[in-house]
Amino acid sequence: MDLSVKEIFEISPVIFTSACIVVGLVIGSFLNVVIYRVPLFLDNLYHTECINFLKIEDTNIKFEEPINLIRPRSHCPKCKIKIKWYHNIPVLSYLWLKAKCNSCKNKISIQYPLIEISTACFFTIQGLYFGPSFELFASCILTSALIALSMIDIEHKILPDQITLTILWLGLNINVFQTFTTVEEAILGATLGYTSLWMFASIYEKITGKFAMGHGDFKLLACAGAWLGWQQLLFIVLLSSLVASIIGLTLILVKNNNRNSELPFGPYLSIAIWLSLIWGDDIMIAYYAWINLGW
Ligand SMILES: [Zn+2]
């Protein structure tokens, strides 16, 4: 009896769940590379562009070789020694090496295994929700982008166009096949997502004279609209603002953060987009049922 991978997954939930976990760990390991290297790549790019634009001689070359997702090969940031493949196995290598570089004993950040484990958890929840399907495959791409964007935003306060715009185009095209919503609702969602936040930020900045949020946030909400349709936007904005205010207030109280200190909004948007991806429809149905009951 010849079984396709999809049929095996449908027959055996254990094999399917294990596959979600393993793929999640491997993709999480790749996301660590993205989170570390994309900002370095951008730094390199802007540096070169400025030098070229100003037509000055570069006396301070920051990077000897070009940086991308493949090159140079993974190495320890301190002693620069190349990491062997068997020291690059998600989570296990971290435990085996006792969180230290095998050569210089420099501490390896806990962030690496945490990203791998969280990606595996997200993929597994999505696997249970969508089952072996194209929706699962597509949703894993969106989730990966959200994880990378959130971490880059927390560390560098940027949401790179290289990720947001790619995900935006991908969302519109994926919905040509009505994967999460119709293509009409996706186009409306992308447009409304961008313009609504842009208008809010422009008005806020005009009135208060303070910076509201970066253009990356507009693009991220456009992504949400492109993937999930315009109907989910209000829920995403409300939820992300709610979580942002709770965490913002907590930081003011606990860490004595200034009321004016800038908090990246990307991670809150990402959390809300992910919740909307999985439970958006259920929440909408519950909400409308509640309104009808109330009236
Ligand atoms: Zn080292």
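**Note on an all-helix predicted model**

1. Read from the N terminus, the elements of the chain follow the order α-α-α-α-α-α-α-α-α-α, with ten helices and zero strands (DSSP runs, H or I of at least four residues for helices and E of at least two for strands, numbered from the N terminus). The model is predicted, and local features need pLDDT of at least 70 while side-chain atom pairs count only at pLDDT 80 or more, whereas totals for chains, interfaces and linings use all residues. Residues are numbered from 1 along each chain as its sequence is written.

2. The C-alpha trace spans about 70 × 65 × 40 Å along its principal axes. The chain is divided into domain 1 (1–132) and domain 2 (159–295), with bounds that come from an automatic or database domain assignment, and the centres of these domains, taken over C-alpha atoms, are 26 Å apart.

3. Of the 295 residues, 31% count as buried, that is, with 20 or more other C-beta atoms, placed from the backbone, within 10 Å of their own.

4. The largest nonpolar core (buried Ala, Val, Leu, Ile, Met, Phe, Trp, Tyr and Cys residues joined through C-beta atoms within 7 Å) has 47 residues, and Ala148, Leu221 and Ala224 have the most contacts inside it. Because domain 1 (1–132) and domain 2 (159–295) both give residues to this core, it lies between them.

5. Leaving aside neighbours within four places in sequence, Leu221 is in contact (C-beta atoms, placed from the backbone, within 7 Å) with Gly193, Tyr194, Leu197, Leu233, Ile236 and Leu269. A second, separate core of eight residues includes Phe16, Phe122, Phe123 and Cys140.

Methods: A residue is buried if 20 or more other C-beta atoms lie within 10 Å of its own, exposed if 12 or fewer, and partly exposed in between; C-beta atoms are placed from the backbone. Two residues are in contact if their C-beta atoms, placed from the backbone, lie within 7 Å.
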